[in-house]
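Biologist: Can you take me through this chain? I am new to this.

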Amino acid sequence: MGPKRYTPTPCAITDIPIVDAVVISHSHYDHLSHPTVLALKEKHPNAWFYVGLGLKKWFLDCGITNVVEMDWWNDVELALSPKTGEKSITPSDASSHPETSNPTEEIKARISCLPCQHTSARSPFDHATTLWCSWAVESGGKSVWFGGDTGYRTVPLVPEGVDDYGEEYKDLPTCPAFKQIGELRGPFDLGLIPIGAYGLCSFPFFFSKKLEKKLY
């Protein structure tokens, strides 16, 4: 059940040698693929999945118990042992900065669940019942931000051919979460940011046209 894939994956799960952690931005099918999650579980049984509020049950139903459910602005510390392969997860202080000076010591990473402008659903009946997120990971003095499926601002549904960045719409407010994320969890060395232009999706009653057009 659900939408079908139009393009092949860039690589197979079997091509990825090691997976320690997986962050899930939201429940839409193009960001949470059931067969992909099961393939990850089979190939990397010790990987941990980090998900937004409400999504843990979906993973438990898939037989995956290595799952951490988080709210916006929650942080956890993931510690990996290169010698034993063991992992431990503990709450983290946002002011701490994980560092690893010796590659034989524990590798520590702070994983942060952060806001984004989007929504969630896997059917017409569960709109916005689970949390949508962006994510930050900091380790060894470096940090990366993954924007998930986020918009930069909200625009009205405009007629075909009308530019929603035209003069009439140029002063619409932007999502404040971007500035807040930069101030409270940045700066970042790498940003994984979605950029696209989309029309109406399968469920137009809760998707906005071109929600993610021209993020910057």
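Modeller: We can start with the overall make-up, then go to one sheet and one residue.
This is a predicted model, where local features need pLDDT of at least 70, side-chain atom pairs count only at pLDDT 80 or more, and totals for chains, interfaces and linings use all residues. Residues are numbered from 1 along each chain as its sequence is written, and side-chain values use heavy atoms, without hydrogens and water.

Biologist: How many helices and strands are there in the chain?

Modeller: The chain has 3 helices and 9 strands. Both are DSSP runs numbered from the N terminus: helices are H or I with at least four residues, strands are E with at least two.

Biologist: What is the strand order in the open sheet of 3 strands?

Modeller: The order is β1-β2-β3, with parallel pairing; two strands pair if DSSP finds at least two bridges between them. β1 (21-23) and β3 (67-70) are at the edges with a single partner strand each, so one side of each has no neighbour in the sheet.

Biologist: How many bridges join β2 and β3?

Modeller: β2 (residues 48-52) pairs with β3 over 4 bridges. One of the residues in β3, V68, is the bridge partner of Y50.

Biologist: New topic: D75. Buried or exposed?

Modeller: D75 is buried, at a relative accessible area of 9%. Buried means under 20%, exposed over 50%, and partly exposed in between, using a 1.4 Å probe and protein chains only.

Biologist: Which strand is D75 in?

Modeller: D75 lies in strand β4 (residues 75-80).
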